[in-house]
Amino acid sequence: MIKSMATVLISAALVVSVPASAHTEEHFDAIDTPHGGQMRMAGPYHLELVAQDKEIVIYVTDHGDTKVSTDGGVGKASFQVGKAKPKDSIKLEPAGDNTLKGTGDFKLTPETTIVVFVKLPDQEPQSTRFTPLKPKASPKAQEKKPAGTSSGHEHHHMHH
């Protein structure tokens, strides 16, 4: 009886902790990223987007922040402003190590969303959305939440 109860409790703890490993946009927006870009989750990957001087660079890591090789991979970054359909896109190609790069003529505004598609060899295609110029939430905005509400980040460090 005790052994089966322990199995049930361990199984329940594992079920609760699996979603706790998921990273929210709020979590990524609150941390410093390795290359100063915006980070998002895409399937089994963390993608960090750095956009500057007509160049898009995507850094690919796994959930443990270990670099994932992009050799043989392909990608695309599509630009959307507000609710308009994406107009421009840039092809992303492997650029060594864990990066995909592409260049093109694009302009970023706080309303710009960049939808990134990544396909690595022998893996399912993944996509995620970035808003690289979106203002980060200030610590004061976090404090104004009503008592008892979560910032979405606590679960990341607490395992039930």
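Asp29 is buried in this predicted model. Its relative accessible area is 17%, so the residue falls under the 20% limit for a buried position. Asp29 lies in helix α2, whereas Arg40 lies in strand β1. The side chains of Asp29 and Arg40 meet in a salt bridge, with N and O 3.1 Å apart. The two residues are eleven places apart in sequence, so the pair ties together separate parts of the chain.

Asp29 has a further partner in Lys134. The closest N and O atoms of this salt bridge are 3.8 Å apart. Here the link spans 105 residues, from helix α2 to the loop between β8 and α3 (139-143). Lys134 is partly exposed, with a relative accessible area of 37%.

Arg40 also pairs with Glu25. This salt bridge has its closest N and O atoms 3.8 Å apart. Glu25 belongs to helix α2 (residues 25-30) and Arg40 to strand β1 (residues 38-42). The pair therefore ties together parts that are 15 residues apart in sequence. The two partners are set in unlike surroundings. Arg40 is buried, at 2% relative accessibility. Glu25 is partly exposed, at 39%. Through shared partners, salt bridges join Glu25, Asp29, Arg40 and Lys134 into one network. The structure has six salt bridges in total. In general, side chains of opposite charge can pair when their charged atoms come close.

Arg40 is also touched by Thr128. Thr128 is found in strand β8 (residues 126-130). Its relative accessibility is 11%, so Thr128 counts as buried. A polar atom of the Thr128 side chain lies 3.2 Å from the backbone oxygen of Met41. Beyond four places in sequence, Thr128 touches Arg40, Met41, Ala42, Leu47, Ile114, Val115 and Val116. Among these contacts, Leu47, Ile114 and Val116 lead into the nonpolar core.

The largest nonpolar core has 19 residues. Those with the most contacts inside the core are Leu47, Ile56, Ile58, Leu92, Ile114 and Val116. Strands β2 (45-52), β3 (55-62), β4 (74-81), β5 (88-94) and β7 (112-119) each give two or more residues to this core. In soluble globular proteins, nonpolar side chains tend to be buried together.

Ile114 shows how such a core residue is surrounded. Leaving aside residues up to four places away in sequence, Ile114 touches Leu49, Ile56, Ala77, Ser78, Phe79, Leu108, Thr128, Arg129, Phe130 and Pro132. One of these contacts, Ile56, is also among the core residues with the most contacts. Thr128 appears in the list as well, which connects Ile114 to strand β8.

Phe79, another contact of Ile114, takes part in an aromatic pair with Phe106. A search of the whole structure finds one such pair. The ring centres of Phe79 and Phe106 are 4.8 Å apart. Their planes meet at 15°, so the pair is stacked. Planes under 30 degrees apart count as stacked. Both Phe79 and Phe106 are buried. Phe79 sits in strand β4, and Phe106 in the loop between β6 (99-103) and β7. The pair links distant parts of the chain, 27 residues apart.

Technical notes. Residues numbered from 1 in each chain as written. Predicted model: local features only at pLDDT ≥ 70, side-chain atom pairs only at ≥ 80, totals over all residues. Heavy atoms only, no water. Core = buried A, V, L, I, M, F, W, Y, C linked by side-chain atoms within 4.5 Å. Buried < 20%, exposed > 50% of the residue type's maximum accessible area, 1.4 Å probe, protein only. Helix = DSSP H or I, 4+ residues; strand = E, 2+ residues; numbered from the N terminus. Contact = heavy atoms within 4.5 Å. Polar contact = N/O pair within 3.5 Å; in protein donor to acceptor, adjacent residues only side chain to side chain. Salt bridge = Lys/Arg side-chain N within 4 Å of Asp/Glu carboxyl O. Phe/Tyr/Trp six-rings, centres within 6.5 Å; stacked < 30°, edge-to-face > 60°.
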